[in-house]
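Here are a few short exercises to work through with the model open in your viewer. Try each task before you read its solution.

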Amino acid sequence: MHLIHHQGDLFDCPYWVPIVHCVSYDGKMGAGIAKTVQSIFNVRSEFLATEREVGGLVAVWRSHRFIVNLITKLRYWHLPTLDSLQSSLRALRSFVVDNNIGVLAMPEIAAGLDKIHLNLVIESLYQVFQDLDIEIHMYHL
């Protein structure tokens, strides 16, 4: 795994790169990156129509790419745990392997409004993806 940090807008990544972000099981997507993802890609209805669980993910195909919604908490006002984040990352690893994906783009997942320290997020990414040939591009505003 190679983690590449970018200063700038997540949505400036190449049009074909899967975008990964965190959401709640209830699918509110009313704040942060999730709100922007919803306004650009309109993923909520497909997300809500899909069987899902906290610690999993729902991937939606939009505009030549996957939008990968990591479900890290039950309700939008909850905070995720490190365990739920890591479970979602393991689900992401399986998704990446199953779909032969070699690059991902994400914001500082779970570190903004969700308040998990960024160093723990990065450590979790390395633990889950350490042996995969994948580039993860993390965008910072």
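The exercises below concern a predicted model, and each is followed by a worked solution.

**Exercise 1. Describe the largest pocket: its volume, its lining and the elements that supply the lining.**

Solution. Start with the volume: the largest pocket holds about 600 Å³ of space. Next, look at who lines the pocket. There are 32 lining residues, and those closest to the centre are Ala 31, Gly 32, Ile 33, Ala 34 and Leu 113. Now sort the lining by residue class: 17 are nonpolar, ten polar and five charged. Finally, assign the lining to secondary structure. At least two residues come from each of strand S2 (19-24), helix H1 (32-41), strand S4 (65-73) and strand S6 (135-140). S2 gives the largest share, with four residues.

**Exercise 2. Work out which strands pair with S6, and in what sense.**

Solution. Take strand S1 (residues 2-7) to begin with: S1 runs parallel to S6, and six bridges join them. To find the register, pick His 2, whose bridge partner in S6 is Glu 135. Then turn to strand S5 (residues 103-106), which is also parallel to S6 and is joined to that strand by four bridges. Here Leu 104 stands opposite Ile 136 of S6. To complete the picture, follow the chain from S5 through helix H4 (residues 118-129) to S6: the three make a right-handed β-α-β unit.

**Exercise 3. Is S6 largely enclosed or open, and why?**

Solution. Apply the cut-off first: a residue is buried when its relative accessible area is under 20%. By that test, five of the six residues of S6 are buried, so the strand is largely enclosed by the rest of the structure. Recall from Exercise 1 that S6 also supplies at least two residues to the lining of the largest pocket.

**Exercise 4. Locate Asn 42 and Lys 115, give the phi of each residue, and classify their exposure.**

Solution. Begin with Asn 42, which sits in the loop between H1 and helix H2 (44-48). Its phi is near 50°, a positive value in a residue other than glycine. The relative accessible area of Asn 42 is 46%, so this residue is partly exposed. Move on to Lys 115, in the loop between S5 and H4. Lys 115 is not a glycine either, yet has a positive phi of about 65°. Since exposed means over 50%, Lys 115 counts as exposed because its relative accessibility is 64%.

**Exercise 5. Find which residues the UniProt annotation covers, and describe that span.**

Solution. The unreviewed UniProt entry carries the annotation "domain: Macro" for residues 1-141. In the model, this span is 31% helix and 26% strand, and its end C-alpha atoms lie 23 Å apart.

Note on methods:
Residues numbered from 1 in each chain as written. Predicted model: local features only at pLDDT ≥ 70, side-chain atom pairs only at ≥ 80, totals over all residues. Heavy atoms only, no water. 1 Å grid on protein atoms, 1.4 Å probe; cavity = no way out; pocket = protein on both sides within 12 Å on 5 of 7 lines; lining within 4 Å. Points joined across faces, edges and corners; volume = space filled by probe spheres on them. Nonpolar A, V, L, I, M, F, W, Y, C, P; charged D, E, K, R; others polar. UniProt positions renumbered as here; feature names shortened; annotations may be inferred. Buried < 20%, exposed > 50% of the residue type's maximum accessible area, 1.4 Å probe, protein only. Pairing = 2+ DSSP bridges. Right-handed = clockwise from strand over helix to strand, strands pointing away.
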